[in-house]
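The following exercises introduce a single protein chain to a reader who has not met it before. Each task is followed by a solution in steps.

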Amino acid sequence: MSNITVNGKTYSTGQQDPAMPLLWFLRDILHMTGTKFGCGMGLCGACTVHLNGDAVRACLLPLSAAAGGKITTIEGLSAAGDHPLQQAWAEHKVPQCGYCQAGQIMNAAALLSRNASPTDAEIDAAMAGNICRCGTYPRIKAAITSAAKKSTAGVQMFDPAEQGAV
């Protein structure tokens, strides 16, 4: 039996097929539907979550590869939904259809956790794997730049254990 920690809470993967993509475990077993299914091939980034702080594509990651790891989904990015990126997303009116937004925010959060002041080129490079069919790329970049400027100490990853949520 293996366990994974999702948003600070530990779950047994129990009888699940170890080849099951993490995305299905999150959505179908844990009912955390914030992470979206996009292309199913890791090309669009809609399913981006963090595994031990790194952005990964949940549609490609087998449950067995996530075993023992710490997963953060969009639901766990901020307990109050007030992560600097979430605030910047609203401030810059980024979402249109909104489908890709969770993956975009999770990828941007991973970027800012390792680079608190990215250049435009670094933002472009980091976000290149996340597709927005509505074409909100200029607003996404503005929101990331805004969040980076507001957080001079860098955007910290939400750890529910540190917040007393577990």
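A salt bridge is a side-chain nitrogen of Lys or Arg within 4 Å of a carboxyl oxygen of Asp or Glu. The model treated here is predicted.

**Exercise 1.** Determine how many salt bridges the whole structure holds, and which parts of the chain they link.

*Solution.*
- Step 1. A search of the whole structure yields two salt bridges.
- Step 2. One of them joins Lys150 to Glu91, whose closest N and O atoms are 2.3 Å apart. Because Lys150 belongs to helix α6 and Glu91 to helix α3, this pair ties together parts that are 59 residues apart in sequence.
- Step 3. Lys150 counts as exposed, at 57% relative accessibility, while Glu91 counts as partly exposed, at 41%.
- Step 4. Asp124 and Lys141 also meet in a salt bridge, with an N to O distance of 3.0 Å. Asp124 lies in helix α5 and Lys141 in helix α6, 17 residues apart.
- Step 5. Asp124 is partly exposed, with a relative accessible area of 40%, and Lys141 is partly exposed, with 23%.

**Exercise 2.** Check the span of helix α6 and state which elements cover its buried residues.

*Solution.*
- Step 1. Helix α6 comprises the 14 residues 137-150. At 1.5 Å a residue, the expected span is 20 Å.
- Step 2. The end C-alpha atoms of α6 are 20 Å apart, which agrees with the expectation.
- Step 3. Ile140, Ala143, Ile144, Ser146, Ala147 and Ala148 are buried in α6.
- Step 4. The cover over these buried residues includes α3 (84-91), α4 and α5 (120-127).

**Exercise 3.** Describe the order of the strands in the sheet and identify the strands at its edges.

*Solution.*
- Step 1. The open sheet has five strands in the order β2-β1-β5-β3-β4, with mixed pairing.
- Step 2. β2 (9-12) and β4 (54-57) each have a single partner strand, so one side of each is left without a neighbour in the sheet. These two strands therefore stand at the edges.
- Step 3. From one strand to the next, the twist averages 35°.
- Step 4. β3 (residues 48-51) pairs with β5 (residues 70-72) in the antiparallel sense over two bridges; His50 has Thr72 in β5 as its bridge partner.
- Step 5. Helix α1 (residues 22-29) lies across β1 (3-6), β2, β3 and β5, at about 70° to β1. Helix α4 (residues 101-114) lies across β3, β4 and β5, at about 35° to β3.

Terms used. Residues numbered from 1 in each chain as written. Predicted model: local features only at pLDDT ≥ 70, side-chain atom pairs only at ≥ 80, totals over all residues. Heavy atoms only, no water. Pairing = 2+ DSSP bridges. Helix = DSSP H or I, 4+ residues; strand = E, 2+ residues; numbered from the N terminus. Axes fitted to C-alpha atoms, helices over the stretch in contact; angles between N-to-C directions. Contact = heavy atoms within 4.5 Å. Expected span 1.5 Å × (residues − 1). Buried < 20%, exposed > 50% of the residue type's maximum accessible area, 1.4 Å probe, protein only.
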